[in-house]
Structure formats: C-alpha cells, structure tokens
Amino acid sequence: MNIKLLSRVATSGIIAAGTAIGLTTLDAFVPVDLLNVTNLGQPRSNQALAQDVEEDTNVRVYETASPAVISVNAGDGSGSGSIISPDGLILTNAHVVAGSRTVTVRLSDGREVQGDVIAFGEEGLDLAAVRLRGQSNLPYLRLANSGSVRVGQRAFAIGNPFGQFQNTFTVGIVSRIDQDRGLIQTDAAINPGNSGGPLLNNRGELVGVNTSIFTTGSTAGNIGIGFAISVDRVQPFLTAVREGSAPTVAQTNRPQINRPPEAIAVNGPIVRGNLGDGSNVLPVDNSYFNLYTFEGRAGQQIEITMSSNQLDAYLILLAPDGSDLTQDDDSAGGTNARLATTLPANGTYTILANSYAAGESGDYELRVASAGSTPQPQAGQPPVQEQQPRQQQQPTPSGVILQEQGVLSPGGPTLSDNSLYREHVFRATQGQTVTVTMESTEFDTYLILVNEQGEPLEQNDDRCQQQTPECRNSEIRVTLPQTGTYRAIANAYDANGQGRYTLTVR
C-alpha cells in the first residue's frame, strides 16, 4: 500500500465532495518525466519553455473538456457531472442524486435542462446515471482506457465547487492508485460541489469520477487530498446502465464517526486500543480508525509506531492545520506501521490509527515518542518488542532545518516506475535559499522537492558527473518562492534501489 486517503478528520472524517450535507511513465530512466518538470541544470530558457508547454496543456484540456461538464441540482444538494454521450447521458455520483427521481442540470452554456435519474452503482459504488430530456448533439467526454492511469501523471478536475463556481478548473497529479478499491488519489483541488465531476488526463479524457475528500474539524475544504472512482470501475457501471441491469435505487454508505479524538502525550505510556464496531469508519474504503491528538513543536523529531498481531496496521499523521503530513503501512516490519518525522510547526497533531483494509479489526498498541527515546509501557505491562532495529536520530546541527535517516525497503510506497520513495516535510519562508541533500552508500538516490500545492520545484539524480559513489548522491539548491510547507521526496533512481539514506535540509 502506498498512500491512503487523508484529510481533516477530527470531527468530519472522509466526506463526500458534494454539498448535500451542507458543507469538504515515470520513465524508468528519466524520473523527471513523472512530475512534468525540467531536468535540473538545464538552461533557464528550457525551464521557461517547459512552463509554456504546461500552460498550453492546461488550456487545451479545459477547452476540450469543460463544455461537457455540467452542474446538478437535486433539491437537497448539488454536485457536478459529465456528459458522456451526445444524446445526454450523464455520469455523476450516487450521493449527489440519491433520493431524487428528477434533477435540474445546468449546461456549460448556462441552459437548464431536466434530467431523469436512471441508474445507480451496485454495492455502494458511488456512481449514478442521469438521462437528459430531449437532447442531441451535445458535447461529451471520452473515457480513458481501463488500466491507463499511472501515478505521477498530470490530473485535471472540473466541477462546481460549493455549488456556485461552475466549471472551475484545477490541476494536480495522480498521487496514488488503489487497485483493490478502484480509487484514484489526487492533489488536484476538489471541494464540496465537485462530486460527480470528471478527473481528466492530459488528453481531456475522463480517468475518474471525483467522489470524496478527507477533512478534519469544522472546515470542510480541500487540503490537497481527493479521491476519484477509477475509470476501471466506471466502464462496467456504464455497461450495466446501457444493458438495463444497473440498480435503479441508490445503495449508499454513510460515514460513521463514533469516537472522538483521545489526547495522548509524547513519551507517555503505550496506548492500547481496539479497532472494531465502536471505531470510526472511512467510507471510502470502509476501514476502521481511531483518533489521537498530541501537542508538538516545530523541529521536534518524533516516532509513532502502531503494532498488532491481529490486523494490518496503517498510520496517518495530520498537521495542526489538518493537512496530511505523512503516513505509513509496513515500515515497522511485518504488518506494523511506523512514522518518523520532524514536526513542521507548533500545535496539535492528529494521528489516525487505522487498518489497511475494510473490516479488519483487533487490538493494537500505539507509541508516540521523541526520536531516539523509549516510551514507557503502562503499569504492569511488558515493554513492546521492536520489530526491526530502530534508526538512530542524531542531534540536528546548527543551520540545519531538517535531518532525518530513513530506509527505502520493499513494501514501501512506490512511483509508477516501481522505484521506492518516502516523504519528509519541513517549513520555510519566502526567499529563503535551502540546500537539500540525499546521501546513501547502498543505492543511487533521486531527490524531488515539492511545494505546498504539490507542484515540483526541482529534482536531481547525481550531484556531480563523475562516476564515483559520492556522485550517486543527490542535491537540490533552490530559493523558495513562498512561505509554507515543503516536501522533500527521497526516491531511488530505479526500481532496484533500496537501503538506508540520510536526508538533510540546510
């Protein structure tokens, strides 16, 4: 498992991106292609040219696709949708039109047309079909081929956020693909009202149907993590619609937020918990999770471990602003999870103690400690045994913003060329010049720097041209364009790269 859904969860959990509830190749040898930025070291003119090409792509995709994107008003709520045939067959989310037999559809040219809700997805699949009345020769979207979506490719979303900004266009990348659940994760901004709208590739083809975001607290806005139902699931649904075998009644799943966050202390006692019927539920994959909060400070190095012999543990850490800081599946060995990171700001952090898959339940132990320290077990309980040797964190030298040791190991998150990677987060200010280095004696490193909006700033393979082990290390030096949170992506050059590394931000 690479990356799971994230967002603001303290009270809201993952929610549909609709307004009904009143609201939230990577080429194996050229990783630079994954993020559509130019090679480090190329002349500035080449970088400018690449930006022009990127802008041209954005404009072309919007002009191609937007005429076929509509807004849906279903009475109690609203959302978005895509015209997928010239006679007015519309694809949207089940939660947008559930409970309505007819809806009002606003076309991109401003016309309003009545439509009939004719079908829903099976077994809670959040898809629905609407047939417009008396229409022909409408602009429509083509569907991408099944299996054509890749992590790292550009992603474009069009929709009607908050029910009042029709045909809003946002750009990002495909962050993760969950084949088991048929979901595409993207950082293209998706907000309430985008539900049912298209996620597009750079040819303007529909690769997914935007369906949900993950939020915390009372604010239900986008924080860079949205989910779309993959075209791989859309195609069979449309076949059932055309054959007349799709359900005509909605079969929806409701979010379940049953347990509020529990406050815990860094270096406090080991927390023992249980995931099961009394836990919160992520409707996007129906997995259980419990919430914990702790107070952290900027620059503090912490380690969070979740261990269980009854379920596959999954950890998610949210920053004080509710944004996704980092997450992990199996880094503690076996099916146990471990997060080791430097906190970017002072404030209250939220942990999601989660299971990997739907229905997984059982007991677990959660530890939150300063890096290098040993958390104390509860009275009368034996200490938790380590699943693998712990990484030793050294004191941060003067002038160093972030210094972390990590491991790229099989089973960790991968890019589309199957190269392993991990993310490290730091905060910095506009105009600040930073040097990011990634060093390893065990594999050829690759380094990518991404800004708060998920846009790549720079990337580098080898810090020098000589064929020596030292030159297999990576280095980026850049003046930062804005104040905020940045992500250093510690990556291997190819699918064979794995081992220990040190990442430093000065």
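Author: Exposed means over 50% relative accessible area, buried under 20%, partly exposed in between (1.4 Å probe, protein chains only). This is a predicted model, where local features need pLDDT of at least 70, side-chain atom pairs count only at pLDDT 80 or more, and totals for chains, interfaces and linings use all residues. Residues are numbered from 1 along each chain as its sequence is written, and side-chain values use heavy atoms, without hydrogens and water.

Reader: So is Gly244 buried or exposed?
Author: Gly244 sits in the loop between α3 and β15 (262-263). Its relative accessible area comes to 62%. That's over the 50% cut-off, so Gly244 is exposed.

Reader: How far apart in space are Gly244 and Ala119?
Author: In sequence, 125 residues separate the pair. Going C-alpha to C-alpha, though, the gap is 8.5 Å.

Reader: Which helix gives the most to the largest nonpolar core?
Author: That core (buried Ala, Val, Leu, Ile, Met, Phe, Trp, Tyr and Cys joined through side-chain atoms within 4.5 Å) has 44 residues, and Phe237 is one of those touching the most other members. Phe237 is also in contact (heavy atoms within 4.5 Å) with residues beyond four places in sequence, including Leu91, Phe120 and Ala246. With six residues, the top contributor is helix α3 (residues 231-243).

Reader: And over in β32, what's the bridge partner of Gly406?
Author: Strand β25 (residues 402-408) has five of its seven residues buried. β25 runs antiparallel to β32 (residues 499-505), and they pair over seven bridges. Within β32, Gly406 is bridged to Tyr501.

How values were computed: Helices (H or I, at least four residues) and strands (E, at least two) are DSSP runs, numbered from the N terminus. Two strands pair if DSSP finds at least two bridges between them.
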